[in-house]
Amino acid sequence: MDFPGYGLWIYSAGAWTSPHGADVSTMTTADIDGNGKQDLIVNFPNYGVWAYMNRTAWTFIHPYAAKRLASGDLDGNGVPELIVDFGTGVGVWVRRNATTWNQLHSASPENITTGDLDGDGHDEMLADFGAAGIWSYQEGPGWTFVHPGNPTGMLTGRLR
């Protein structure tokens, strides 16, 4: 959790710890190194995107500030990719195999989320592009128009 003025805090096993005293602007979790453990990915304003790897060390990910962060297994290989919205003029990028960056879209969406929406074992990314509507990105087919609306928030999951 980010507590403004108090920095970043993690609650685990009944206790609070602070891996960093600086505030963050956005965060997500993802197993970006493929070791089966979730890593904390954060954007430190003015310092770019960093990952708190395996609850032991900070790793520099990218110098640009992230407007939004998400993760999803877009290629279905069992290791989630990091999805970063770098904002207007830079757009949405995906980090694959812990090293390779590919641009998914040049525009900056108002919201992004991921989930396996069609049950094929590959996550899709939903992006709310405001007046342009909601679009889904899937490896292979690319972008597909989903809905003309502009929601105030988006979330994916399996409701049972």
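Trainee: Why is E139 called partly exposed in this predicted model?

Mentor: The relative accessibility of E139 is 24%. Buried means under 20% and exposed means over 50%, with partly exposed in between, so E139 counts as partly exposed.

Trainee: And what makes R96 buried?

Mentor: R96 has a relative accessible area of 14%. The cut-off for buried is under 20%, so R96 belongs to the buried class.

Trainee: Why is the contact between E139 and R96 called a salt bridge?

Mentor: The closest N and O atoms of the two residues are 2.8 Å apart. The rule asks for a side-chain nitrogen of Lys or Arg within 4 Å of a carboxyl oxygen of Asp or Glu, so the pair of E139 and R96 qualifies.

Trainee: Which parts of the chain does that pair tie together?

Mentor: E139 lies in the loop between strand 14 (134-138) and strand 15, while R96 is in strand 10 (residues 92-96), so the pair joins parts that are 43 residues apart in sequence.

Trainee: How many salt bridges are there by this rule?

Mentor: The count is 2. D85 and R68 also meet through their side chains, with a distance of 2.8 Å from N to O. This pair links distant parts of the chain, with D85 in strand 9 (residues 81-85) and R68 in strand 8 (residues 68-72), 17 residues apart.

Trainee: Are D85 and R68 buried or exposed?

Mentor: D85 is buried, and R68 is buried too.

Trainee: Now to the sheets. What makes strand 12 and strand 15 edge strands?

Mentor: They belong to an open sheet of 4 strands in the order 12-13-14-15, paired in the antiparallel sense. Strand 12 (111-115) and strand 15 (142-147) each have a single partner strand, so one side of each has no neighbour in the sheet. From one strand to the next, the twist averages 25 degrees.

Trainee: How do you know that strand 12 and strand 13 pair?

Mentor: Two strands pair if there are at least two bridges between them. Strand 12 and strand 13 (residues 124-128) have 5 bridges, in the antiparallel sense, so the pairing condition is met. T114 has M125 in strand 13 as its bridge partner.

Trainee: What is the strand order in the open sheet that contains strand 4?

Mentor: That sheet of 4 strands has the order 4-5-6-7, with antiparallel pairing. Strand 4 (26-30) and strand 7 (57-62) are at its edges, because each has a single partner strand. Strand 6 (residues 48-53) pairs with strand 7 over 5 bridges, and A51 has T59 in strand 7 as its bridge partner.

Trainee: What makes the phi of A13 worth a second look?

Mentor: Most residues other than glycine have a negative phi. The phi of A13 is near 55 degrees, a positive value in a residue other than glycine. A13 sits in the loop between strand 2 (7-12) and strand 3 (15-20). Its relative accessible area is 84%, and exposed means over 50%, so A13 is exposed.

Trainee: And where is N46, and what is its phi?

Mentor: N46 is in the loop between strand 5 (39-44) and strand 6. Its phi is positive, about 75 degrees, although N46 is not a glycine. With 76% relative accessibility, N46 counts as exposed.

Trainee: Last one: why is M1 called exposed?

Mentor: The relative accessible area of M1 is 52%, and the cut-off is over 50%, so M1 is exposed. M1 is also one of the residues in a nonpolar surface patch with F3, Y6, Y11 and W16, which together have about 600 Å² of accessible area.

Technical notes. Residues are numbered from 1 along each chain as its sequence is written. This is a predicted model: local features need pLDDT of at least 70, side-chain atom pairs count only at pLDDT 80 or more; totals for chains, interfaces and linings use all residues. Side-chain values use heavy atoms; hydrogens and water are left out. Helices (H or I, at least four residues) and strands (E, at least two) are DSSP runs, numbered from the N terminus. Buried means under 20% relative accessible area, exposed over 50%, partly exposed in between (1.4 Å probe, protein chains only). Patches are made of residues with over 30% relative accessible area and no salt bridge: like charges are joined within 9 Å, nonpolar side chains (Val, Leu, Ile, Met, Phe, Trp, Tyr) within 5 Å. Accessible areas come from the Shrake-Rupley method with a 1.4 Å probe; for residues, only the protein chains shown count as cover. Axes are lines fitted to C-alpha atoms, for helices over the stretch in contact, and angles run from 0 to 180 degrees between N-to-C directions.
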